[in-house]
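Visitor: Please pick one part of this structure and go over it closely. I would like to know what surrounds it and how that leads on to the rest of the interior.

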Amino acid sequence: MITISLCMIVKNEEDVLDRCLSSVEKAVDELVIVDTGSVDQTRAIAERHHAKIYEFPWIDDFAAARNYAFDQATQDFILWLDADDILPADQLDKLIALKQTLDDRCDMVIMQYRTGFDKEGRPTFSFPRERLIRRGTGAVWKGRVHETVQPFGIIWKEDIWIEHRKMRIRDPERNLRILESMRK
């Protein structure tokens, strides 16, 4: 059976972090939380979930923060989530089952990311994302905004989905500011 480190980058996520961690913690063996400057109860919530908490100064670079988080992981595979993501209960069972059956030659698992929902909460938009990545493969996040890990090696596609359930928009200009600074 494989082991999983959940790696997250967070900042001022007190309204969603408990929901996120509660949705996935039964499937993971380690919680790695990298805080980029929270001034709310984010760290206290992570502590209640027995997370390993690290600090990384925010430098307008999501990939740099995620790479730092991945460097802290100690388990076989790394699962990444945003604080406003959740793993629905039926998907949690699928992830736990995957831990039992994942081929040890697999480098990356692609899962569906549901990001759009109608008024009744039904998904209207989803796309595949790299979600579970073997530690120690040299996987590197790239992109200061909308960062990704280039698919590589032996890839499994699983019928497991993660839902992006944003509760509020914190800084609607953040990504534009980062992109404009990159252009300069």
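Guide: Leu-95 touches Ile-4, Val-24, Ala-27, Leu-79, Leu-87, Met-111 and Ile-160; residues up to four places away in sequence are left out of that list, and touching, or contact, means heavy atoms within 4.5 Å. This is a predicted model, in which local features need pLDDT of at least 70 and side-chain atom pairs count only at pLDDT 80 or more, while totals for chains, interfaces and linings use all residues. Residues are numbered from 1 along each chain as its sequence is written, and side-chain values use heavy atoms, with hydrogens and water left out.

Leu-95 is one of the residues with the most contacts inside the largest nonpolar core, together with Leu-6, Met-8 and Leu-132. That core has 33 residues. A nonpolar core is a set of buried Ala, Val, Leu, Ile, Met, Phe, Trp, Tyr and Cys residues joined through side-chain atoms within 4.5 Å. Buried means under 20% relative accessible area, exposed means over 50%, and partly exposed lies in between, for a 1.4 Å probe and protein chains only. In soluble globular proteins, nonpolar side chains tend to be buried together.

Among the elements that give two or more residues to this core are strand 1, helix 1, helix 4 and strand 10 (155–164). Helices (H or I, at least four residues) and strands (E, at least two) are DSSP runs, numbered from the N terminus. A second, separate core has 18 residues, including Val-32, Ala-65, Ile-78 and Trp-80.

Helix 1 spans residues 17–24, and its buried residues are Leu-17, Cys-20, Leu-21, Ser-23 and Val-24. Seen down the helix axis, they fall within an arc of 160°, so they line one face; the arc is taken from the directions of the C-beta atoms as seen from the axis. These residues pack against several elements, among them strand 1 (4–10), strand 2 (30–35), helix 2 (42–48) and helix 4 (89–101).

Cys-20, on that face, has a relative accessible area of 0%. The model has 0 disulfides, a disulfide being a pair of cysteine sulfur atoms within 2.5 Å. For Cys-20 the nearest cysteine sulfur, that of Cys-7, is 12 Å away. Cys-106 is in no disulfide either, with the sulfur of Cys-7 nearest at 17 Å.

Trp-80, from the second core, leads to the aromatic rings. There are 8 aromatic pairs: rings of Phe, Tyr and Trp (its six-membered ring) pair if their centres lie within 6.5 Å, and planes under 30 degrees apart are stacked, over 60 edge-to-face, the rest tilted. Trp-80 and Tyr-113 pair edge-to-face, 6.4 Å centre to centre with 65° between the planes. Trp-80 is in strand 4 and Tyr-113 in strand 6 (residues 108–117), 33 residues apart. Trp-80 also pairs edge-to-face with Trp-141, at 5.2 Å and 90°. Trp-141 is in strand 8 (residues 141–142), so this pair ties together parts 61 residues apart in sequence. Ring pairs link these three residues with Phe-70, Phe-125 and Phe-127 into a cluster.

Tyr-113 has a further partner: the charged end of Arg-131 sits over its ring, 4.3 Å from the centre. The rule is that NZ of Lys or CZ of Arg is within 6 Å of the ring centre and within 35 degrees of the ring normal.
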